[in-house]
Amino acid sequence: MIKVWKHTQPPFQYNIKANMKDKQQLLGIFAYLDDLLNVLKALKEANQPIETVYSPVRRDEIQEAMGLKPSAVRFFTLVGGVLGGIAGVSLASYAHLRWNLITSGKPILAWIPFVVVFFESLILISVLFSVASMVLKGRMLRKRLPIAYDTRFTQDRFGILVSCTWDEIGKVSKILEESGAEEVHEIGQS
Amino acid sequence: MENFSYLSVNQKILGTLSRPRKIYYFVIALLILGVLCGAACWAYQITMGLGVAGYVHPVFWIIYLVNFVFWIGIAHSGTLISAILYLFRAKWRTAIARSAEAMTIFAVMIAALFPLIHLGRPWIFYWLIPYPNQRTLWPNFQSPLVFDFLAVSTYFTVSLLFWYVGLIPDLAVIRDRANGIRQRIYGFLSLGWIGSHNQWHHYGTTYLLLAGLATPLVVSVHSVVSWDFAFCVIPGYHSTIFAPYFVAGAIHSGLAMVLTLLIPLRTILRFEEIITIKDLESIAKTLLLTGLFVGYSYIVEQFMSWYGGNRFEHDIFIFRVIGHYSFMFWLMVLCNAIAPLFFFLKKVRTNLKSLFGIAIIINIGMWTERFVIIIGSMAQDFIPYQWDFYSPKWVEITITVGSFCLFFLLFLLFVKLLPSVSIAEIKENLNPPMRRQQVKNQSYIASEHSKKAVGYVGRTL
């Protein structure tokens with residue numbers, strides 16, 4: 001039996017002039033991965049925009065089904081590496097020109113030992129950029145978790161949040177139920 | 001782990017975070033006592049001066065530097081297991097990576113203390129940091145000591161971030177099952193993780209990149225530490241073999257420490273199904289490999305000291321074998337090169353007691369190796385007139401014991417406050433829940449029931 005919860009009252013109780021084309025969100029909760037993949041396929045065929053897919057574990061099948069582009073974290077990591085390497089060598093060069101330590105005729109700016117400085121600062125700054133970009137691109141650092149979030153998504157349940165209009169709710173609910181959703185929730189206006 | 005589901009993985013691993021038994025508090029109290037004793041000795045040393053330690057001319061790098069190199073070496077294996085084996089897609093790393101990474105971080109923290117302890121004026125350690133200052137002084141970026149500062153601080157930062165990124169999904173698991181102040185703390189630390197496809201996508205790429213960036217650090221950091229010695233001219237230090245020699249030794253000691261920590265952890269937390277004998281056997285095989293590297297290095301060093309024709313270099317290696325510290329040398333060879341050879345026997349590799357015993361022996365041997373290299377070489381350098389031999393005093397022995405207590409204290413706290421096995425990665429290795437598999441299982445169970453019924457009826461008839 002499919003349970004349906006309504007998290008909000010239908011808009012016509014508060015706003016008579018509500019437009020039936022206002023966006024609504026439906027959350028389907030699944031226990032099985034193949035059900036989730038089937039519903040993803042069905043929703044894409046029905047041209048329904050999928051907001052979010054929740055899962056307790058990283059699965060390549062979900063990533064492929066969502067058709068995601070390669071992550072931009074790679075680019076930020078590269079930028080961080082380049083900036084870090086330049087910064088390290090610049091710091092070492094500036095320090096040696098500012099405070100000369102003249103020893104046994106060795107050069108003031110010795111590029112061979114500066115390779116170590118270059119390498120370490122490259123790694124450090126690229127890692128910092130990488131983590132920062134992951135946090136920003138993943139939209140983390142939230143004050144509150146989204147209303148659609150269910151704590152079972154970190155346990156053993158998958159979820160899919162779909163946007164639709166009021167008159168599409170029935171169709172989308174049917175797709176979710178037929179694909180094996182354990183529960184379907186109406187989340188509220190997006 | 002085939003019988004595990006996503007739910008049972010959560011329950012099994014989160015169960016280790018529950019209220020501990022009394023013995024845990026007793027051990028924590030003992031370790032805190034050890035740390036306080038070490039700290040008190042350090043305070044005494046700062047007040048009275050370095051003379052209270054066993055410094056004797058010409059040995060001015062004593063067991064503080066031995067400990068520094070030892071702990072940096074311990075740290076390397078954690079990164080090897082978590083980063084390098086991740087790139088190689090070695091499945092056996094999954095159950096042990098989290099604990100190994102934690103070991104890395106704690107080991108680096110303790111290693112970083114020893115250059116401060118070893119300073120006569122530790123309050124001016126910050127002069128090594130390159131920042132614009134009123135003194136208009138800058139550190140010498142050509143010095144291996146400055147390389148050390150850069151390498152070790154980079155290694156600590158990268159290891160910490162790599163460990164933390166891997167922890168984020170698990171912190172969210174704890175957040176969703178906690179309440180009160182615990183929920184707030186874990187919620188804050190989990191950075192609002194919700195397990196969306198977007199987050200998993202960027203997380204996967206970041207984790208892979210961090211693994212790739214941490215990998216060269218395993219080689220570079222201990223190479224840089226070895227250059228603290230190789231850049232000197234003292235016979236026994238000034239050798240080009242030092243970088244690979246130290247790196248191989250670091251991985252050897254680190255793997256031994258991983259076994260030392262994991263075997264009791266596995267037994268006490270009842271992780272036998274997660275950290276299997278096969279995983280421990282894989283570590284033993286890697287230890288066998290690194291033991292062969294280390295043994296080979298010992299032979300090559302001796303050979304090259306003779307073949308190179310440098311009288312002073314040759315003499316220092318003869319002194320190691322038959323001189324004042326020869327007991328330490330032979331202990332080192334026995335513990336590091338001979339003891340791991342027992343891992344050729346499968347019976348030894350798969351027996352918990354022998355695994356634990358040989359791991360402890362290797363830990364002792366690797367500490368002894370650093371002693372032989374650092375102190376043995378400095379005690380007898382070019383001029384026989386100034387040779388003298390160092391023996392540790394109670395001050396540095398207590399500080400050393402205190403550092404071990406601090407390491408185990410931090411690890412015990414980690415085991416109780418954070419999941420010591422990666423929940424997300426364990427789940428990734430499991431077969432995902434599939435409806436068609438469930439239907440197949442149910443029809444199999446139904447068919448088995450019907451077979452039994454027919455058989456019963458058949459027998460009755």
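Two residues are in contact if their C-beta atoms, placed from the backbone, lie within 7 Å. With that in hand, here are the close-up views; the model shown in them is a predicted one.

**View 1. B:Leu280 sits in helix α9 of chain B, among leucine neighbours from elsewhere in the sequence.** Helix α9 spans residues 277-307 of chain B and holds B:Leu280. Once its neighbours within four places in sequence are set aside, B:Leu280 is in contact with B:Leu259, B:Leu262 and B:Leu355. A residue counts as buried if 20 or more other C-beta atoms lie within 10 Å of its own; B:Leu280 has 25 within that distance, so B:Leu280 is buried. For a sense of scale, look across to B:Met109: it is 171 residues from B:Leu280 in sequence, and the two C-alpha atoms are 26 Å apart in space.

**View 2. Helix α8 of chain B is mostly covered.** This helix takes in residues 242-268. From first C-alpha to last it reaches 39 Å, close to the 39 Å expected for its 27 residues at 1.5 Å a residue. Of those 27 residues, 19 are buried. Follow the chain just past the end of α8(B) and you will meet B:Arg270, with a positive phi of about 55°.

**View 3. Helix α10 of chain B has its buried residues on the same side.** Residues 311-322 form this helix of 12 residues, which reaches 16 Å from its first C-alpha to its last, close to the 16 Å expected. The buried residues of α10(B) are B:Glu313, B:Ile316, B:Phe317, B:Phe319 and B:Arg320. They cover an arc of only 155° around the axis, and therefore lie on the same side of α10(B). Turn to the other side of α10(B) and you will find B:Arg311, B:Val321 and B:Ile322 exposed. The cover over the buried residues includes α9, α11 (326-338) and α13 (352-379) of chain B.

**View 4. Strand β3 of chain A is largely enclosed by the rest of the structure.** In this strand, residues 50-54, 4 of the 5 residues are buried, which is why it counts as largely enclosed. Its partner here is β4(A), residues 158-165, joined to β3(A) by 4 bridges in an antiparallel arrangement. To find the pairing on screen, start at A:Tyr54, which stands opposite A:Gly159 of β4(A). Stepping back to the whole chain, chain A has 5 helices and 5 strands, in the order β-β-α-β-α-α-α-β-α-β along the sequence.

**View 5. Chains A and B meet, with 57 residues of chain A in contact with 53 of chain B.** On the chain B side, α1 (6-14), α5 (144-177), α7, α15 (423-429) and α16 (435-460) each supply at least two residues. The largest share, 16 residues, comes from α7(B). By class, this side of chain B divides into 29 nonpolar, 19 polar and 5 charged residues.

**View 6. Helix α3 of chain A packs against helix α7 of chain B at an angle of about 35°.** Their axes are 9 Å apart, with α3(A) running over residues 73-98 and α7(B) over residues 197-230. From α3(A), the contact is made by A:Val73, A:Arg74 and A:Thr77, and from α7(B) by B:His202, B:Thr205, B:Thr206 and B:Leu209. Sorted by class, this contact has 2 nonpolar, 4 polar and 1 charged residues.

How values were computed. Residues are numbered from 1 along each chain as its sequence is written. Chains are lettered from A and ligands numbered from 1 in the order in which they are written. This is a predicted model: local features need pLDDT of at least 70, side-chain atom pairs count only at pLDDT 80 or more; totals for chains, interfaces and linings use all residues. Axes are lines fitted to C-alpha atoms, for helices over the stretch in contact, and angles run from 0 to 180 degrees between N-to-C directions. Ala, Val, Leu, Ile, Met, Phe, Trp, Tyr, Cys and Pro count as nonpolar, Asp, Glu, Lys and Arg as charged, and the others, Gly among them, as polar. The expected span of a helix is 1.5 Å times one less than its number of residues. A residue is buried if 20 or more other C-beta atoms lie within 10 Å of its own, exposed if 12 or fewer, and partly exposed in between; C-beta atoms are placed from the backbone. The arc is that of the directions from the helix axis to the C-beta atoms. Two strands pair if DSSP finds at least two bridges between them.
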